There are 2 protein chains.
Amino acid sequence: MKDIALYCGVSVSTVSKALNGRGDVGEATKEQILEAAKELGYTANSAARALKTNRTYSIGIVFTDLSNSGFMHEYFASMLNYFRMEAERRGYDITFISENMGPTNTGYLQHARARGLDGVAIICADFFDPMIQDLIRSDLPIISLDHAFNNRSAILSDNMRGMESLVRYVYGKGHRRIAYIHGNHTAVTENRLTGFYRACEALGITVPNEYVTECEYHEPVSCHAATKRLLALPERPTCIFFSDDYSYIGGINAIYEAGLRVPEDISIVGYDGIHMAKMVSPKLTTWQQNTVELGRIAAEQLIERIEHPRTTLPKHITVQGKLLEGETVRQLG
Amino acid sequence: MKDIALYCGVSVSTVSKALNGRGDVGEATKEQILEAAKELGYTANSAARALKTNRTYSIGIVFTDLSNSGFMHEYFASMLNYFRMEAERRGYDITFISENMGPTNTGYLQHARARGLDGVAIICADFFDPMIQDLIRSDLPIISLDHAFNNRSAILSDNMRGMESLVRYVYGKGHRRIAYIHGNHTAVTENRLTGFYRACEALGITVPNEYVTECEYHEPVSCHAATKRLLALPERPTCIFFSDDYSYIGGINAIYEAGLRVPEDISIVGYDGIHMAKMVSPKLTTWQQNTVELGRIAAEQLIERIEHPRTTLPKHITVQGKLLEGETVRQLG
DNA sequence: TTAAGGTACGAAAACGATTTCGTGCAAAGG
DNA sequence: CCTTTGCACGAAATCGTTTTCGTACCTTAA
């Protein structure tokens, strides 16, 4: 900048103003300065700018994988991807924040503060981690995905409605004995379970306790075992809901091993709508969560709050998914 | 820091020294200062530090997805994950860099410079993009994965040897008619093709031209079509190499549609060793690339170069994978 | 006792930008 | 012709660190 000032015979103040499009600078000089900036290959130093303005134009992402495979979970990976795209479109970079800053375990909040991040998005984390609680209680602009904190913005997938829709769809196909292998206990699971029971109740289906069992999310082996348990029941369900699309790999194998066919002998549905669901054969019937919008809106809302802290109130936005009709649910009767 | 200085009745210089463990400060005051820092909840401002020291302790990641699904490609996602872990262990954060800085398309290099990044890792990109070339030609510490640039560090997966091993394995199982559906043309593909042909030649196998065909990486539909072509040949191969594990979903379906069984009627092998390969049934025989080490070493080498620019020379490191024996290759004869 | 050397600390400049406020000048108005 | 207004620009402070260099004091040795 000093060089530009020298080159154009003006002061650095003027250069700064010209570069930032402030008024208070003559049209002619302004153009000359912009010209010179290009000429000299000027790149603003964002550290200096951050120091002065307290704005870094970078957003922290909490993406801590419990099972160390978050990147490999298409649902989260996809949200992250679209979050990134929208953030970059609006001029923000994204940075992962971990629990430690350097060698010391200081927590997410310290990490975000030290980096001077403008805001934080919690995409994938253990929401009951005290470190996360600290973060939530802070005054930083924050948005969380798939978990609604009090008085903080959140973007939520419509887990309850999604589950209800799936049940209704399967019901429409004539199924009455419906089992559900749900994932580990989280807010998401809670919502899906509620949706499941609500729809069943509304449709007059009674669900035996043995029909609702648990497995680990995204873990085919665990789902394989759970499916096996269900198949061994005296009165076998006609349709099984898996915790997620990926687990279906384990589940369907358990079915094949029992000598049954899909969907002729038993129907199955997944949840998520990952790419693979459309590729496998038979194509999986599932609920497709709208990761494109989930990620995009999360970035949009967070940045909105960063840029207009006074006028933006925390809100919870729910994004609707859609039924992905595959070939794994048979029409009964 | 000013507060700490006031609190302890010393100057900011002394505080800075104490905090950074410089000598030149009394043992007693040093402890008092550290105490006070904790007390007051001091967090260093990294923008100010960066401004002064020209070090940000953050690393840029080029992770640009050609097909917009890089996050969803387990190979890249996994490398990124382990890269991140190692980088964080060493006190570096990671930030994605895009082609634009803010609204203007300035290229990766400008982006990295503006942010003052200490180094850049190219994990996933179009290596022939002129923007990438600019980056490579710069004086920034850089490491690239799966593509070796002149006079720059690179971490490479042993594609040639991996492919050779696979061919030898299949040969050992009695197969002589081996087909290969390779991916789009890249350096990686090139290496695998070389390995394939070399092994075949060494083993005295002649490969008909029709046996080597192309599909898109990570695209089951494309692989489905290619497989169909191979199955239609007058002299069908006894074993098909797919471009990658994920494409196998399409390939195996094509085989099933032709009324054939795996591995009884035809054998198949994949490449990558993604999680799914061990989960599907039959388990896929494939070459497992060591993404753990690829990511870890990449971070290690890059940081080494950042911290000791004089003594660290650019080098190319090849990481060995291993054969993952599944159930999709049958013993012939 | 005095000079030399070492130790603990502080003053101040610097990093590269932004921003406030003041100043000079030209145009406009009385 | 004088005053007021508005515009274009610059001087300088500032953001929070690090780092150089100077200084005061205390030891040690001659």
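The following dialogue examines how several descriptions of this predicted model are justified.

Visitor: What makes the relation between chain A and chain B that of a two-fold axis?

Guide: Chain A is superposed on chain B by a rotation of 180 degrees, with 0.0 Å of shift along the axis and an RMSD of 0.1 Å. That is the relation of a two-fold axis.

Visitor: How do you know that the copies meet through the same surface?

Guide: Of the interface residues of chain A, 98% are also interface residues in chain B, so the two copies use the same surface to meet.

Visitor: Why is α2(A) called roughly perpendicular to α3(A)?

Guide: The axes of α2(A) and α3(A), the latter spanning residues 27-39, cross at roughly 85 degrees and come within 9 Å. Angles of 65 to 115 degrees count as roughly perpendicular, and α2(A) is therefore roughly perpendicular to α3(A).

Visitor: Which residues meet where α2(A) and α3(A) are in contact?

Guide: From α2(A) come A:T14, A:V15, A:A18 and A:L19, which meet A:K30, A:I33, A:L34 and A:A37 of α3(A). By class, this contact has six nonpolar residues, one polar and one charged.

Visitor: What makes a residue count as near DNA strand D, and how many surround the strand?

Guide: One of the residue's heavy atoms must lie within 4 Å of the strand. The residues surrounding DNA strand D number 25, and the closest are A:T14, A:K17, A:G26, A:T29 and B:S16. Sugar and phosphate account for 56% of the atoms of DNA strand D that come within 4 Å of the protein.

Visitor: Why is the pair formed by A:S13 and a base of DNA strand D called a polar contact?

Guide: A polar side-chain atom of A:S13 lies 3.0 Å from a base nitrogen of DNA strand D. A polar contact is a pair of N or O atoms within 3.5 Å, so this pair qualifies. Phosphate oxygens of DNA strand D also take part: one is 2.8 Å from a polar backbone atom of A:S11, and one is 3.1 Å from a side-chain N or O atom of B:N20.

Visitor: Which element gives the most to the surface near DNA strand D?

Guide: That element is α4(B), with four residues. The surface as a whole has seven nonpolar, 12 polar and six charged residues.

Visitor: Which residues come nearest to DNA strand C?

Guide: Among 26 residues around DNA strand C, the nearest are A:S16, B:S11, B:T14, B:K17 and B:G26. Sugar or phosphate supplies 56% of the strand's atoms within 4 Å of the protein, and bases supply the rest.

Visitor: How do you know that A:N20 and A:R22 make polar contacts with DNA strand C?

Guide: A side-chain N or O atom of A:N20 is 2.9 Å from a phosphate oxygen of DNA strand C. For A:R22, the side chain likewise places an N or O atom 2.9 Å from a phosphate oxygen of that strand. The limit is 3.5 Å, so both pairs count as polar contacts. The backbone of B:S11 has an N or O atom 2.7 Å from a phosphate oxygen of DNA strand C.

Visitor: Where does the cis peptide bond between A:V262 and A:P263 lie in chain A?

Guide: This bond has an omega of about 5 degrees, and A:P263 lies in the loop between α11 and β11. Another cis peptide bond joins A:S281 and A:P282, with omega about 0 degrees.

Notes: Residues are numbered from 1 along each chain as its sequence is written. Chains are lettered from A and ligands numbered from 1 in the order in which they are written. This is a predicted model: local features need pLDDT of at least 70, side-chain atom pairs count only at pLDDT 80 or more; totals for chains, interfaces and linings use all residues. Side-chain values use heavy atoms; hydrogens and water are left out. Copies are superposed by least squares on the C-alpha atoms of residues with pLDDT of at least 70 in both. Contact means heavy atoms within 4.5 Å. A polar contact is a pair of N or O atoms within 3.5 Å; within protein, one must be able to donate a hydrogen and the other to accept it, and residues adjacent in sequence count only if both atoms are side-chain atoms. Helices (H or I, at least four residues) and strands (E, at least two) are DSSP runs, numbered from the N terminus. Ala, Val, Leu, Ile, Met, Phe, Trp, Tyr, Cys and Pro count as nonpolar, Asp, Glu, Lys and Arg as charged, and the others, Gly among them, as polar. Axes are lines fitted to C-alpha atoms, for helices over the stretch in contact, and angles run from 0 to 180 degrees between N-to-C directions. Angles under 35 degrees count as roughly parallel, over 145 as roughly antiparallel, 65 to 115 as roughly perpendicular and the rest as oblique.
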